[in-house]
Amino acid sequence: MTSRDITLLCLMLCLSQKIQAREGCFPIPIISATPSSVIPLNESVKILCRGTPWSFLYQLEILGNSTNKVVEEKFGFQEEVEFIINHMDTNTAGHYQCRYKKEYSWSEYSVALELVVTGLYDKPFLSTDQDSKLIPGKNISLQCGSAHVLFDRFSLVKEGGATLPQHQSEGHLGNFTLGPVSPGFSGNYRCYGWYSDSPYVWSAPSDALKLVVKDTMNQDYTLENLIRMGVAGMVFVALLAILAENWHTCKVPHKEDRQDLPELSWGKQKQHTEPLDQPLRASGLTSNSHQADTGC
């Protein structure tokens with residue numbers, strides 16, 4: 001390969017890279033909603049679209065029957081922009097996507113963001129025929145239904161979490177099975193009813209059903225600790241009883257111990273000296289008899 005061929009090859013590679021960059025080889029944008037994608041009627045929602053710092057134009061679109069409809073555009077070299085829907089209703093609920101423009105080309109569309117409006121129908125009920133205190137590793141079944149509105153679809157939502165998969169009704173009753181249960185399952189749950197021909201228009205939320213996961217490991221430790229504390233308490237009480245008995249014995253002697261103690265009174269001392277004079281009297285060696293014999 002000659003030097004001319006090498007130069008032409010380098011020029012072709014550079015040109016292909018430039019064309020590829022202009023055709024839109026950009027990171028896919030990220031779309032999200034805050035505070036949630038499930039919004040009560042007439043409440044506001046903020047839609048975020050993240051691109052690159054060199055993006056100068058962002059576009060938010062809602063999917064219509066066959067094509068996307070531009071909702072809003074924003075200019076500015078920034079990595080993320082905000083689109084605000086002030087009043088959520090049946091017209092603003094739907095399937096949203098965003099994209100950004102960099103240099104002369106558009107990026108790909110973001111993944112779909114489904115915004116749901118709630119409160120169009122009366123609330124259903126949410127119940128379980130099992131204990132609301134969940135056992136780790138087990139499953140739990142929940143039922144969602146309405147006595148007045150015959151919904152054909154139901155959705156289960158955990159407060160502060162994601163919307164769980166929709167379930168088709170069986171006799172206008174939605175059945176949900178959660179599990180295997182883990183500590184993350186604890187929380188408040190609500191369900192919604194809706195119709196399959198209006199997937200973004202839901203009922204008011206049901207009353208909250210609180211689920212709590214039992215901490216079996218801590219319960220076992222608690223029982224063991226209670227047993228240990230009880231045994232330690234019994235040993236402590238026994239030691240106190242022994243110490244109290246020893247102290248009382250040293251403080252107040254028994255009558256038998258008192259007879260062994262020496263008597264230091266004058267009467268006792270006199271009784272102890274009398275036996276010493278008796279042998280002298282018996283032998284006649286008292287001081288008076290001695291003086292008589294000597295004639296003194």
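How many bridges pair β1 with strand β3, and in which sense do the two run? The close-ups below, taken from a predicted model, start with that pairing.

**View 1. β1 meets β3 in the antiparallel sense, over five bridges.** Strand β3 covers residues 45-50. For a landmark, look for Thr34, which stands opposite Lys46 in β3.

**View 2. Zoom out a little, and three strands make an open sheet.** Their order is β1-β3-β6, and the pairing is antiparallel. At the edges sit β1 (30-34) and β6 (80-85), each of which pairs on one side only. On average, neighbouring strands here are turned by 20° against each other, direction ignored.

**View 3. Here we move to Asn188, a residue of strand β16.** The strand itself takes in residues 187-195. Is Asn188 buried, exposed or something in between? Its relative accessibility is 28%, so Asn188 counts as partly exposed. Setting aside neighbours within four places in sequence, you'll find Asn188 in contact with Val157, Lys158 and Glu159, and also with Ala208, Leu209 and Lys210. Take Leu209: this residue is 21 residues away from Asn188 along the chain, yet their C-alpha atoms are separated by just 5.5 Å.

**View 4. Last stop: a nonpolar patch on the surface, about 450 Å² in area.** Which residues make this patch? They are Ile227, Val231, Val235, Leu239 and Ile242. Pick out Leu239, which belongs to helix α2 (residues 216-251). With a relative accessible area of 47%, Leu239 is partly exposed, because the exposed class needs over 50%.

Conventions: Residues numbered from 1 in each chain as written. Predicted model: local features only at pLDDT ≥ 70, side-chain atom pairs only at ≥ 80, totals over all residues. Heavy atoms only, no water. Pairing = 2+ DSSP bridges. Helix = DSSP H or I, 4+ residues; strand = E, 2+ residues; numbered from the N terminus. Axes fitted to C-alpha atoms, helices over the stretch in contact; angles between N-to-C directions. Buried < 20%, exposed > 50% of the residue type's maximum accessible area, 1.4 Å probe, protein only. Contact = heavy atoms within 4.5 Å. Patch = residues over 30% accessible without salt bridge, like charges linked within 9 Å, V, L, I, M, F, W, Y side chains within 5 Å. Areas by Shrake-Rupley, 256 points an atom, 1.4 Å probe, with all protein chains shown as cover. Salt bridge = Lys/Arg side-chain N within 4 Å of Asp/Glu carboxyl O.
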